[in-house]
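Here are a few exercises to work through with the model open beside you. Try each task before you read its solution.

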Amino acid sequence: FPTRRSSDLAGPLEAIKERAEREEDEAEEAGAKDPGAPEPDREAREARVASRVKEAQEGLLRFIQLFQRDLLEAKTGGECAVAPREVAERLAGAFSLDALLGRIEAVEKARKALSRNIKSETVLFLLARDLSLPPRR
């Protein structure tokens, strides 16, 4: 998953937030049709949206980590789980084994940072820096 800017990762995360908000809106509308449903609680809604966003962010980072792992597997002749083999082989050629391990560790570090409630923008900036493409020769 090559990237040069944190904005490459921020777009999908913003879409995740918008989707979570839309799903909560739909759930509230469905609940509003039930005459026995309690009034929507704004604070509880925000907590549910935040929970959905966090879960989706974790899923995205797991996918990025699997993709990075696939690059390592392609470099060493292993099997790819999520990346097309030919893509993984081509991208893996740009990195040493140590660099590929470092990329996997960078995603793990980002996952831990998110779990510690560090702002996602900060985490993405650091992850984008760590996953930057090597200079072309």
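Contact here means heavy atoms within 4.5 Å. This is a predicted model, where local features need pLDDT of at least 70, side-chain atom pairs count only at pLDDT 80 or more, and totals for chains, interfaces and linings use all residues. Residues are numbered from 1 along each chain as its sequence is written, and side-chain values use heavy atoms, with hydrogens and water left out.

**Exercise 1.** Work out which residues Gln 57 touches, not counting residues up to four places away in sequence.

*Solution.*
- Start by placing the residue: Gln 57 sits in helix H2 (helices are DSSP runs of H or I with at least four residues, strands are E runs of at least two, and both are numbered from the N terminus).
- Next, list the partners: Gln 57 touches Leu 13, Ile 16, Leu 114 and Ser 120 once residues up to four places away are dropped.
- Then check the exposure: the relative accessible area of Gln 57 is 10%, so Gln 57 is buried (buried means under 20%, exposed over 50%, partly exposed in between, with a 1.4 Å probe and protein chains only).

**Exercise 2.** Describe how the axes of H2 and H3 are placed.

*Solution.*
- Two packed helices are described by the angle between their axes and the distance between the axes.
- Take both values: the axes of H2 (residues 42-76) and H3 (residues 85-92) come within 8 Å and cross at roughly 80°. The axes are lines fitted to C-alpha atoms over the stretch in contact, with angles from 0 to 180 degrees between N-to-C directions.
- Classify the angle: H2 and H3 are therefore roughly perpendicular to each other (under 35 degrees is roughly parallel, over 145 roughly antiparallel, 65 to 115 roughly perpendicular, the rest oblique).
- Now pick out the residues: H2 brings Phe 67, Asp 70, Leu 71, Glu 73, Ala 74 and Lys 75, while H3 brings Arg 85, Val 87, Ala 88, Glu 89, Leu 91 and Ala 92.

**Exercise 3.** Find which elements give two or more residues to the largest nonpolar core.

*Solution.*
- Set the rule: a nonpolar core joins buried Ala, Val, Leu, Ile, Met, Phe, Trp, Tyr and Cys residues through side-chain atoms within 4.5 Å.
- Apply it: the largest such core has 11 residues, among them Phe 67, Leu 72, Phe 95 and Ile 104.
- Assign the elements: H2, H3 and helix H4 (97-115) each give two or more residues, and H2 gives the most, with 4.
- Look beyond it: a second, separate core of 10 residues includes Ala 106 and Val 123.

**Exercise 4.** Count the helices and strands of the protein chain.

*Solution.*
- The chain has 5 helices and 0 strands, in the order α-α-α-α-α from the N terminus.
- Of its 137 residues, 28% count as buried.
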